[in-house]
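Visitor: I have a model open and a few things to check. Can you walk me through it?

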Amino acid sequence: MTGTLTTRQVRQDALADLADVQAVSRWVRNGDLRLHVLDYEGTGTPVLILPGITSPAITMDFVARELNDLCRPLVLDVRGRGLSDSGTSWTLDDYASDVLAVLSELDLGSEPVLLGHSMGARIAAVTALRRPLRGTVLVDPPLSGPGRGPYPTTLDAFLGQLAEAVRGTDADEVARAWPRWPRAEQALRARWLSSCDETAIRATHAGFENEDFFDAWPSVPAPSTVLYGADSPVVTADGAAEIAAANPRAELVRVPGTGHMIFWDDPAGARALLRGALEPLVR
């Protein structure tokens, strides 16, 4: 799909969703960039959640709120998504710089935990090489890169869904692309997807194919856990074997009956396995 770049839109009914989120909005600057974070203010170890390519922070609410008794979950609106500024560059180095700013400016301690899904998993891996962490949990990281196969979801598919959102979409239309998701999450995506910057999506998708996860992954320190979908086209059985071989210090956990969108495909089962991965990190 080609054409005029879309304009980011935050719908009024999307903003109203924030009234039902049991989190406080916090703001961080990284240079001129203003970054929005949802802070669930639980007690204990901070766990900063980094969402995927077209997932504003609020779309991870159904994951974060179930962790509030275990830790202090926070979810970042990654640059170009949700309420954060767009920025002008979207490399893994840029994203990691934002995470470092959030950890520092919100004074999240010397050993926070990073939890990243998809794009966010890649960001977490790069950030883990730049400062001490208590640990990382990487959920179905894209393994595409130079000399590897393409990312399984095409750019046109992402841009088509974004165009629907900018035009005005609803849960029924989202369900055509994501039929297994809970209805509430389909509706939330319908309201929030238009807050994503098309240029950021284009650049990030290109990064999936010109930046290699395995440049960082072998050096990510323990403890680190990789959750991957049993039916994921992003982390296949061969991909999981390569992850294990490249960093034998890490633990791999296969999530039965799920694809790439692990938490959306089986919310209860995936959250239970996530808690199991987080519990030894946040004690």
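Guide: Let's start with a term. A salt bridge here is a side-chain nitrogen of Lys or Arg within 4 Å of a carboxyl oxygen of Asp or Glu. Bear in mind that this is a predicted model.

Visitor: Fine. How many salt bridges does the structure hold?

Guide: The count is 17 salt bridges.

Visitor: Start with Asp17. Which side chain does it meet?

Guide: Asp17 pairs with Arg191, at 2.8 Å from N to O. The two sit in distant parts of the chain. Asp17 belongs to helix 1 (residues 12-17) and Arg191 to helix 7 (residues 183-192), 174 residues apart.

Visitor: Is Asp17 buried or exposed?

Guide: Buried. Its relative accessible area is 13%, and the cut-off for buried is under 20%.

Visitor: Next, Asp212. What is its salt-bridge partner?

Guide: Arg148, with the closest N and O atoms 3.6 Å apart.

Visitor: Where do Asp212 and Arg148 lie?

Guide: Both are in loops. Asp212 is between helix 8 (198-210) and helix 9 (213-216), while Arg148 is between strand 6 (135-139) and helix 5 (155-167), so the bridge ties together parts 64 residues apart in sequence. Asp212 is buried at 16% relative accessible area. Arg148 is partly exposed at 31%.

Visitor: And Arg167 with Glu173, what is the N to O distance?

Guide: That salt bridge comes out at 2.4 Å. Its ends sit in contrasting settings. Arg167 is exposed, with a relative accessible area of 56%. Glu173 counts as buried, at 12% relative accessibility.

Visitor: Which residues are linked in a network?

Guide: Arg26, Asp39, Glu41 and Arg72 are linked by salt bridges into a network.

Visitor: Switching to pockets. What volume has the largest one?

Guide: About 310 Å³. It is lined by 21 residues. Nearest its centre are Tyr151, Thr153, Trp178, His260 and Met261.

Visitor: How does that lining of the largest pocket divide?

Guide: Eight residues are nonpolar, nine polar and four charged.

Visitor: What about the second largest pocket, what is its volume?

Guide: About 200 Å³. There, 13 residues form the lining, and the closest to the centre are Leu143, Ser144, Arg148, Gly149 and Val234. The split is seven nonpolar, four polar and two charged.

Visitor: Arg148 again. What were its two roles?

Guide: Arg148 forms the salt bridge with Asp212. Arg148 is also among the residues closest to the centre of the second largest pocket.

Visitor: Now backbone geometry. What is the usual pattern for phi and peptide bonds?

Guide: Most residues other than glycine have a negative phi, and most peptide bonds are trans.

Visitor: Which peptide bond is cis?

Guide: The one from Ala222 to Pro223, with omega near 0°. Pro223 is in the loop between helix 9 and strand 7 (224-229).

Visitor: Asp107 caught my eye. What is its phi?

Guide: Near 50°, a positive value in a residue other than glycine. Asp107 sits in the loop between helix 3 (92-105) and strand 5 (113-117). It is exposed, at 63% relative accessible area.

Visitor: And Asp140, what is its phi?

Guide: Near 45°, again positive in a residue other than glycine. Asp140 is in the loop between strand 6 and helix 5. Asp140 is buried, with a relative accessible area of 0%.

Visitor: How many disulfides does a search of the whole structure find?

Guide: Zero. As for individual cysteines, Cys71 counts as buried at 0% relative accessibility. Cys196 is buried too, at 1%.

Visitor: Last topic, strand 3. Why is it largely enclosed by the rest of the structure?

Guide: Because five of the five residues in strand 3 (residues 46-50) are buried. Both faces are covered. Pro46, Leu48 and Leu50 are buried on one side, Val47 and Ile49 on the other.

Visitor: In what sense does strand 3 pair with strand 4?

Guide: Parallel, over four bridges with strand 4 (residues 72-76). Val47 stands opposite Pro73 there.

Visitor: And how many bridges join strand 3 to strand 5?

Guide: Four, and those two strands run parallel. On that side of the pairing, Leu48 is opposite Leu114 in strand 5.

Key:
Residues are numbered from 1 along each chain as its sequence is written. This is a predicted model: local features need pLDDT of at least 70, side-chain atom pairs count only at pLDDT 80 or more; totals for chains, interfaces and linings use all residues. Side-chain values use heavy atoms; hydrogens and water are left out. Buried means under 20% relative accessible area, exposed over 50%, partly exposed in between (1.4 Å probe, protein chains only). On a 1 Å grid over the protein atoms alone, a cavity is a set of points where a 1.4 Å probe fits but cannot get out, and a pocket is an open set with protein on both sides within 12 Å along at least five of seven lines; lining residues have an atom within 4 Å of a point. Grid points are joined across faces, edges and corners, and a volume is the space filled by probe spheres set on the points. Ala, Val, Leu, Ile, Met, Phe, Trp, Tyr, Cys and Pro count as nonpolar, Asp, Glu, Lys and Arg as charged, and the others, Gly among them, as polar. A disulfide is a pair of cysteine sulfur atoms within 2.5 Å. Two strands pair if DSSP finds at least two bridges between them.
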